[in-house]
Structures are given as C-alpha cells and as structure tokens.
Amino acid sequence: MSLFKKIFSTQKKESLDKGLEKTKTNFLSKLSKAVVGKSKVDDDVLDNLEEVLVSSDVGVNTTLKIIDRIEARVSKDKYLGVDELNVILREEIAGLLSETNSGNETEFTVPLVRKPYVIMVVGVNGVGKTTTIGKLAYQFKKQGLKVVLGAADTFRAAAIDQLQVWADRVDVPIIKQNMGSDPASVAFDTLSSALKQNADVVIIDTAGRLHNKVNLMNELTKVKRVMQKVVEGTPDEVLLVLDGSTGQNAFEQAKQFTKATEVTSLAVTKLDGTAKGGVVIGISDQFQIPVKYIGVGEGMDDLQVFNKVEFVDSFFSKKE
C-alpha cells in the first residue's frame, strides 16, 4: 500500500518495532478475537472493535471517531470483509493523526529562523523528562547544532544533578544555580549565556509538580515572562513529556498541563515497557497537540522523532 512506504532506516524501524512490540501483540490479539467467526464488518464487529480500542488506551472520544469513520466506509462500500479491517484501521488512524499535524517529521530538526530556538520542557516528576532532554540534546548535537541546557527545576537537587550527568554525557554546556533558586532566574541566565555562545538550541527543564495547579501556572508564566526579557517571543516551543506506560493517567496529566500553560508539542516516553501505546493516538487527537517524539527504549537513539506512517505501520505489522 503506497501510503505506508518505507521512511525510516532499517535500524530505526527495528527499534520502533521492538519498542511497540507489547502494544502491538496486545492489540492484534484482541483484534483477532473481535472478528473471530465473522466474514464481514457488521455491528457486532464494530462493537467489539470499540471495546478493543478503548481497552488499548486509545481513549473513548478518539475511539468513537475511529468507529464513526469505519461505519461510514462500511455503509459506502456496502460489503467490507474482516480481512480488510486491519488496512482500514491503519488508514483511519493515520488520517486522524494527520489532522493534528502529528508525525510528519523524519529527523531531529528545529526551525532556525532565529537563534537560539528555545524549548521549555514540562511534565510531572518520573515521566522521563530529564532523560528526554538529555537525549534531545544528543540528537540535536548530532545534527551539528550547538545546544545549551538550563536546569530550572530547582525544587529537587536530584533534578539538577541528573541534568548535569546528561550534560556531561552529551558534552553540552549547562546553566544551573543552587537548589531552591528562582527557576525564572535560571532561565534568564541560560538564555543570556546561550546568546553569548551563539547557541542554536536552548532546552530548559522545569519543575514537575502538579499538586497545586495555580502555583504551577504562576511559575511557568513567570519563567516565560522572564525569558522574553532576553529573547522576545520565547519559548518557541513548550514540550510536555508524558509517560506512555501510565495509560489513562497520561490523559489526566495532559489535561492539567494544558490548563496550566500553552503546550505546543508532546513527547510520549516508556512505550517499550507497556502495552498501552495506543495512548499516543488518543492524546494526539483529544488535545489537538502534535506528538513530536516517542521513547521506545533505554538507548540514546531510542528517543525517536514521531512519524505517523512508521508508527501506524509498526503498530499493525505482523511478524513474517
């Protein structure tokens, strides 16, 4: 099928396939049970399919959209065999992801209309936020870009130390202050330093506390306001990191953070350790925010640019 042509390198595709193995096995197993004994897509099959999608953490609202689209095709084509269901699902899910501008990229790039390009990273503690920042820095540096990190999560000493470890590993400069310092002050210093160093990309870590949304909102707003004193219009991107293995809890985190600040892109991590990879589809659709990166393993290269064609292909591919 021409829509699903090869885009990724063999190595990258194998990493994606492996990372989505648990999700795919779980989903395809449920799907095969949903159509057992059926020759055509009828109401029973659609009801079963709805249950499969919801239980695969695609989310209720997104599931209903997918079912509606398939129903429309069934009524139009009059007769659709269950053997075609796999292909139809692939096409409809890819189409849904296209509507949020998700998954069009194939490489780690930033629009360098001006320097530096500033990414503010948000997300609760434990989702893989700092690891994602480190791996992003590694990928951008591989592209020949000069990267500066800012340790503005000053509420946990471990967060500063962990970011320092990544800065050392990737060999990029980090701007930090003592634990308990004003996060906005760290962001200010980071951008000021990045300008002097003529950096291409700045990645700012922020505190991941959700227990008080008002405080979180005020803090993130202040960080943004102070950054704009150094470089007008920053941050260029607010990247929300979500732990894919938490399934529906990731939806709730996305809801809270989109209320607290203007999130412009998503990274979904830890997909390799879970059967809940369907959450990528639901979150992208429900919040209409593009998924930009996915984490499919522990290695430096296992943070991947999210490409909808390759993702859906891996999601549905059967072993030879």
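The side chain of T234 reaches the backbone oxygen of V231 at 2.7 Å. I should say at once that we are looking at a predicted model. The T234 side chain also reaches a second backbone oxygen, that of M227, at 3.4 Å. As for its setting, T234 lies in the loop between α9, residues 213-230, and β5, residues 237-243.

Is T234 buried or exposed? With a relative accessible area of 1%, T234 counts as buried, because the limit for that class is under 20%. Leaving aside residues up to four places away in sequence, T234 touches R114, V118, L191, K224, M227 and Q228. M227 therefore appears both in this list of contacts and as the owner of the backbone oxygen at 3.4 Å.

Let me turn to the nonpolar core. In soluble globular proteins, nonpolar side chains tend to be buried together. Here, the largest nonpolar core has 104 residues, and those with the most contacts inside it are L89, F140, L149 and I203. Helix α5, residues 85-98, gives the most to this core, with seven residues. What does F140 touch, not counting residues up to four places away in sequence? Its contacts are F108, T109, V110, I119, L145, V147, V201, I203 and Y293.

Finally, the surface. V54, V60 and L64 make a nonpolar surface patch of about 220 Å². Of these residues, V60 belongs to helix α4, residues 60-77. V60 has 49% relative accessibility and so counts as partly exposed, since exposed would require over 50%.

Definitions and conventions:
Residues are numbered from 1 along each chain as its sequence is written. This is a predicted model: local features need pLDDT of at least 70, side-chain atom pairs count only at pLDDT 80 or more; totals for chains, interfaces and linings use all residues. Side-chain values use heavy atoms; hydrogens and water are left out. A nonpolar core is a set of buried Ala, Val, Leu, Ile, Met, Phe, Trp, Tyr and Cys residues joined through side-chain atoms within 4.5 Å. Buried means under 20% relative accessible area, exposed over 50%, partly exposed in between (1.4 Å probe, protein chains only). Helices (H or I, at least four residues) and strands (E, at least two) are DSSP runs, numbered from the N terminus. Contact means heavy atoms within 4.5 Å. Patches are made of residues with over 30% relative accessible area and no salt bridge: like charges are joined within 9 Å, nonpolar side chains (Val, Leu, Ile, Met, Phe, Trp, Tyr) within 5 Å. Accessible areas come from the Shrake-Rupley method with a 1.4 Å probe; for residues, only the protein chains shown count as cover. A salt bridge is a side-chain nitrogen of Lys or Arg within 4 Å of a carboxyl oxygen of Asp or Glu. A polar contact is a pair of N or O atoms within 3.5 Å; within protein, one must be able to donate a hydrogen and the other to accept it, and residues adjacent in sequence count only if both atoms are side-chain atoms.
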